[in-house]
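Trainee: I'd like a close look at one part of this model, the surroundings of the ligand, and then a sense of how that part fits into the rest. Could you walk me through it?

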Amino acid sequence: MSVMPDQPLVKVEGVEKSFVHEGRTVPVLKGIDLRVDEGEMLCIVGPSGAGKSTLLHLLGTLDLPSAGQIFYGGDDVTTYSSARLAAFRNHSIGFVFQFHHLLPEFTALENVMMPGRIRGEGKGALRERAEALLLEVGLKERLTHRPGELSGGEQQRVALARALVMNPRLVLADEPTGNLDTTTGRSMHELLFGLNENRGTTFLVVTHSRELAGQMPRVVHMRDGRIDSDEKSPRRNGS
Ligand SMILES: Nc1ncnc2c1ncn2[C@@H]1O[C@H](COP(=O)(O)OP(=O)(O)O)[C@@H](O)[C@H]1O
Ligand SMILES: [Mg+2]
């Protein structure tokens with residue numbers, strides 16, 4: 001994806017999403033407009049059922065909106081073929097989703113290398129990137145551990161390293177610290193902020209953590225399928 005200087009990284013316009021459940025149409029997203037600039041760090045908060053995960057899926061091009069458009073760097077990705085979408089996702093977006101589990105039969109290192117292997121990349125440079133990332137997330141001593149031999153927090157950090165291995169512009173994270181204790185959660189938060197500062201990666205994070213939301217330079221609040229506030233604060237990045 002190439003981003004023109006005057007274009008936001010992501011632009012969501014008039015997005016609606018309904019699901020059909022037992023013959024009834026259930027509206028879940030009821031008109032979402034959102035712009036995210038390159039290098040931003042923002043979180044989405046709101047009560048359970050507000051539509052946060054649904055919005056993240058649409059942003060991740062894992063599902064199509066019922067109405068509206070989603071632009072990346074000016075390109076409407078809702079018109080892409082599924083082959084083009086798969087390639088776009090693989091190199092532009094990193095996912096830290098709870099259902100995106102690590103593969104249990106592979107080591108931490110192999111899990112982190114997986115997106116590159118799927119793309120047909122050779123092992124050499126990919127391995128170096130994966131090792132460097134595992135070092136960055138503090139898992140230098142855990143490269144050959146399998147997920148079952150790692151704590152929950154360590155697994156989340158492996159998932160984060162995996163999300164970053166293709167050097168995506170955007171990382172989408174759904175409750176990345178949802179299952180972690182306070183201390184482990186805190187170190188994960190620090191990691192996200194550090195990666196945003198050092199690499200300029202854009203992070204869009206759904207969270208229930210008041211602590212994380214309190215540190216975020218931008219907080220989008222969703223309720224009942226709509227955005228009911230979108231506030232920037234100088235607390236952290238000054239943006
Ligand atoms: N595949 C689906 N079929 C029917 N309803 C769904 C589906 N996915 C989500 N929903 C409904 O959409 C609403 C929003 O879900 P979700 O986006 O997961 O909320 P949040 O992440 O904010 O808790 C919920 O009421 C949920 O039941
Ligand atoms: Mg959710």
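Trainee: Among contacts in the protein chain between residues at least 6 apart in sequence, what percentage join residues at least 24 apart? And which residues surround ligand 1?

Mentor: Housekeeping before anything else. This is a predicted model, so to speak of a local feature we ask for pLDDT of at least 70, and side-chain atom pairs count only at pLDDT 80 or more, while totals for chains, interfaces and linings use all residues. Residues are numbered from 1 along each chain as its sequence is written, and chains are lettered from A and ligands numbered from 1 in the order in which they are written.

On your contact question: among contacts between residues at least 6 apart in sequence, 68% join residues at least 24 apart. Two residues are in contact here if their C-beta atoms, placed from the backbone, lie within 7 Å. The protein chain comes to seven helices and ten strands, where helices (H or I, at least four residues) and strands (E, at least two) are DSSP runs numbered from the N terminus. Its radius of gyration is 18 Å, close to the 18 Å of the globule rule for 239 residues, so the chain is as compact as a globular protein of that length. That radius is taken over C-alpha atoms, and the rule is 2.2 Å times the number of residues to the power 0.38. Of the 239 residues, 37% count as buried, with buried meaning 20 or more other C-beta atoms within 10 Å of a residue's own, exposed 12 or fewer, and partly exposed in between, again with C-beta atoms placed from the backbone.

Now the ligand. Ligand 1 is surrounded by F19, H21, V26, V28, S48, G49, A50, G51, K52, S53 and T54; a residue is near a molecule if its C-beta atom, placed from the backbone, lies within 6 Å of it. Strand 1 (10–21), strand 2 (24–36) and helix 1 (52–59) each give two or more residues to that shell. Helix 1 has the largest share, with three residues. By class, the shell has four nonpolar, six polar and one charged residues. In that scheme Ala, Val, Leu, Ile, Met, Phe, Trp, Tyr, Cys and Pro are nonpolar, Asp, Glu, Lys and Arg are charged, and the others, Gly among them, are polar.

Look at the two strands next. Strand 1 and strand 2 pair in the antiparallel sense over ten bridges; strands pair if DSSP finds at least two bridges between them. F19 has V26 as its bridge partner in strand 2, and both belong to the ligand shell. Elsewhere in the pair, K17 sits opposite L29 as its bridge partner in strand 2. The two strands form a hairpin with two residues between them, and E22 lies in that loop. E22 has a positive phi of about 45° although it is not a glycine. Most residues other than glycine have a negative phi. With 5 other C-beta atoms within 10 Å, E22 is exposed.

Zooming out, the hairpin belongs to an open sheet of four strands in the order 2-1-4-5, with antiparallel pairing. Its edges are strand 2 and strand 5 (75–76), each pairing on one side only.

Follow helix 1 onwards and you reach T61, in the loop between helix 1 and strand 4 (67–72). T61 also has a positive phi, near 55°, but here the residue counts as buried, with 20 C-beta neighbours inside 10 Å.

There's a second open sheet, with six strands in the order 6-7-8-3-9-10 and mixed pairing. Strand 6 (93–96) and strand 10 (226–232) stand at its edges, each with a single partner strand, so one side of each lacks a neighbour in the sheet. Inside it, strand 3 (residues 41–45) pairs with strand 9 (residues 218–223) in the parallel sense over four bridges, and V45 stands opposite H221.

For a taste of sequence-distant packing, take V158 in helix 5. V158 is buried, with 26 other C-beta atoms within 10 Å. Leaving out residues up to four places away in sequence, V158 touches L102, A108, N111, V112, L139 and L150. V158 and L102 are 56 residues apart along the chain, yet their C-alpha atoms are separated by 8.1 Å.
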